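These are my notebook entries on a single protein chain. I set down what I looked up, entry by entry.

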Amino acid sequence: QVQLVESGGGLVQAGGSLRLSCADSGRTFSSSAMGWFRQAPGKEREFVAAINSSGGRTYYANSAKGRFTISRDNAKNTVYLQMSSLKPEDTAVYSCAKARTSYYTGSFASWGQGTQVTVSS
């Protein structure tokens, strides 16, 4: 059973940085595209970033471009989201997701519980 566990969230001031991690206990991490999503209170879940299985291709929402970087370490079964220049509107629960394919299609099969990121102004 796939288990995705996020960590690294917290409270940070606007302009600060955080690095989120998502550890996968499954056996297929290195052959799976991964993604990060976020959901703010009262809002729909939105795509943040994705990365293919090798790490060679990345994809970002417009809101994340230039500020967030997704990366992965297949030896550690972990995907990361480095966030910088954080804004109060980045406040949300951030969740990682795992695809059944090695390449990003927009579809994800498994989700973590999420980690809270709060950006104060």
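**Entry 1. Overall form.** I note at the outset that this is a predicted model. I began with the secondary structure and found 11 strands and zero helices in the protein chain. Read from the N terminus, the order of elements is β-β-β-β-β-β-β-β-β-β-β.

I then looked up the dimensions. Along the principal axes, the C-alpha atoms occupy a box of roughly 40 × 25 × 25 Å. The radius of gyration is 13 Å, which agrees with the value near 14 Å for a compact globule of 121 residues.

For burial, I recorded that 42% of the 121 residues count as buried. The exposed surface of the protein chain comes to about 6300 Å², and carbon and sulfur atoms supply 44% of that area. I also took the contacts with a sequence separation of 6 or more: residues 24 or more positions apart account for 56% of them.

**Entry 2. The disulfide.** How many disulfides does a search of the whole structure find? I obtained one. The partners are Cys-22 and Cys-96, with an S to S distance of 1.9 Å. Cys-22 belongs to strand S3 (residues 18–24) and Cys-96 to strand S9 (residues 92–98), so the link ties together parts that are 74 residues apart in sequence.

I checked the geometry of the link as well. The angle about the S-S bond is 45°, and the link of Cys-22 and Cys-96 is right-handed.

Are the two cysteines buried or exposed? Cys-22 has 0% relative accessibility and counts as buried because the cut-off is under 20%. Cys-96 is likewise buried, at 0% relative accessibility.

**Entry 3. A salt bridge on strands S3 and S9.** I counted four salt bridges by the rule applied here. One of them pairs the side chains of Asp-24 and Lys-98, at 2.7 Å from N to O. Asp-24 is in strand S3 and Lys-98 in strand S9, so this pair, too, ties together parts that are 74 residues apart in sequence. I looked up the accessibility of both partners. Asp-24 is buried, with a relative accessible area of 6%, and Lys-98 is buried, with 3%.

**Entry 4. Arg-38 and its partners.** I next turned to Arg-38, which I located in strand S4 (residues 34–39). Its relative accessible area is 7%, so it falls under the 20% limit and is buried.

Which residue forms a salt bridge with Arg-38 at 2.5 Å between the closest N and O atoms? I found Glu-46. The polar contact between the side chains of Arg-38 and Glu-46 is also listed at 2.5 Å. Glu-46 is partly exposed, with a relative accessible area of 34%.

Arg-38 also forms a salt bridge with Asp-90, where the closest N and O atoms are 2.9 Å apart. This pair links distant parts of the chain, since Arg-38 is in strand S4 and Asp-90 is in the loop between strand S8 (78–83) and S9, 52 residues apart. Asp-90 is buried, with a relative accessible area of 1%. Through shared partners, salt bridges join Arg-38, Glu-46, Arg-67 and Asp-90 into one network.

I recorded one further polar contact of this arginine: the side chains of Arg-38 and Tyr-94 are joined at 2.9 Å. Setting aside residues up to four places away in sequence, Arg-38 touches several others, including Val-48, Ser-63, Phe-68 and Val-93.

**Entry 5. Val-79.** Last, I looked up Val-79, which is in strand S8. Is Val-79 buried or exposed? I found it buried, at 0% relative accessibility.

Which residues does Val-79 contact, leaving aside neighbours within four places in sequence? Among them are both cysteines of the disulfide, Cys-22 and Cys-96. The list also includes Leu-20, Phe-29, Met-34, Trp-36, Ile-51 and Ile-70. I took one distance from this residue: the C-alpha atoms of Val-79 and Trp-111 are 13 Å apart in space, and the two residues are 32 residues apart in sequence.

Terms used:
Residues numbered from 1 in each chain as written. Predicted model: local features only at pLDDT ≥ 70, side-chain atom pairs only at ≥ 80, totals over all residues. Heavy atoms only, no water. Disulfide = S-S within 2.5 Å. Helix = DSSP H or I, 4+ residues; strand = E, 2+ residues; numbered from the N terminus. Buried < 20%, exposed > 50% of the residue type's maximum accessible area, 1.4 Å probe, protein only. Polar contact = N/O pair within 3.5 Å; in protein donor to acceptor, adjacent residues only side chain to side chain. Contact = heavy atoms within 4.5 Å. Rg over C-alpha atoms; globule rule 2.2 N^0.38 Å. Areas by Shrake-Rupley, 256 points an atom, 1.4 Å probe, with all protein chains shown as cover.
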